[in-house]
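Here is a short, friendly tour of one model, with a pocket and a pair of helices as the stops. Take a look at the fold before reading on.

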Amino acid sequence: MRCKSVPHCFFKPLLNVWYNYHCHSNFCDGLEPLESYVLTAIEKQFMAIGFSSHAPLWFENSWNMPSEKLTDYFAELIALKKKYASQIEIYTSLELDYLEGEEAWVQSFPAEELDYTILSVHFLRAKTGEL
């Protein structure tokens, strides 16, 4: 099921308990602010919501979060966790890109800020070494 009012956010039931641990907001390629997703999740009686924005990369593209927004992303999620603590569990995550030969990049993100991570492959190297 897809929430009509919040694009890019898919919800799945587990034993009649609703949750989502893979939401993208306007910090990356999502369309809405974090709080819009939280309010929709509360309205739909979710138990939990997790935000896993596409982590910054060392090069720009159209869907990853710019590195200058990372501090604001963490700060906003901390504030939302406090604000809605009695209504829903909110989790902080990043969707990290795995690139062969760039493993140190994945390990450079502050684990203490994250409740979990998602590792994805969005890019493959050509035989020439280019992405």
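A pocket here is an open set of grid points with protein on both sides within 12 Å along at least five of seven lines. In this predicted model, the largest pocket has a volume of about 200 Å³. It is lined by 16 residues, and the closest to its centre are Glu-60, Asn-61, Asn-64, Met-65 and Pro-66.

Now for the helices. The axes of H1 (residues 34-43) and H2 (residues 70-83) come within 10 Å and cross at roughly 30°. Angles under 35 degrees count as roughly parallel, so H1 and H2 are roughly parallel to each other. Their crossing is right-handed. On the H1 side, Leu-34, Glu-35 and Val-38 make the contact, and they meet Tyr-73, Glu-76, Leu-77, Leu-80 and Lys-83 of H2.

The table sorts both sets of residues by class.

| Residue set | Nonpolar | Polar | Charged |
|---|---|---|---|
| Lining of the largest pocket | 9 residues | 4 residues | 3 residues |
| Contact of H1 with H2 | 5 residues | no residues | 3 residues |

Technical notes: Residues numbered from 1 in each chain as written. Predicted model: local features only at pLDDT ≥ 70, side-chain atom pairs only at ≥ 80, totals over all residues. Heavy atoms only, no water. 1 Å grid on protein atoms, 1.4 Å probe; cavity = no way out; pocket = protein on both sides within 12 Å on 5 of 7 lines; lining within 4 Å. Points joined across faces, edges and corners; volume = space filled by probe spheres on them. Nonpolar A, V, L, I, M, F, W, Y, C, P; charged D, E, K, R; others polar. Axes fitted to C-alpha atoms, helices over the stretch in contact; angles between N-to-C directions. Helix = DSSP H or I, 4+ residues; strand = E, 2+ residues; numbered from the N terminus. Parallel < 35°, antiparallel > 145°, perpendicular 65-115°, else oblique. Left-handed = near helix turned anticlockwise from the far one by under 90°. Contact = heavy atoms within 4.5 Å.
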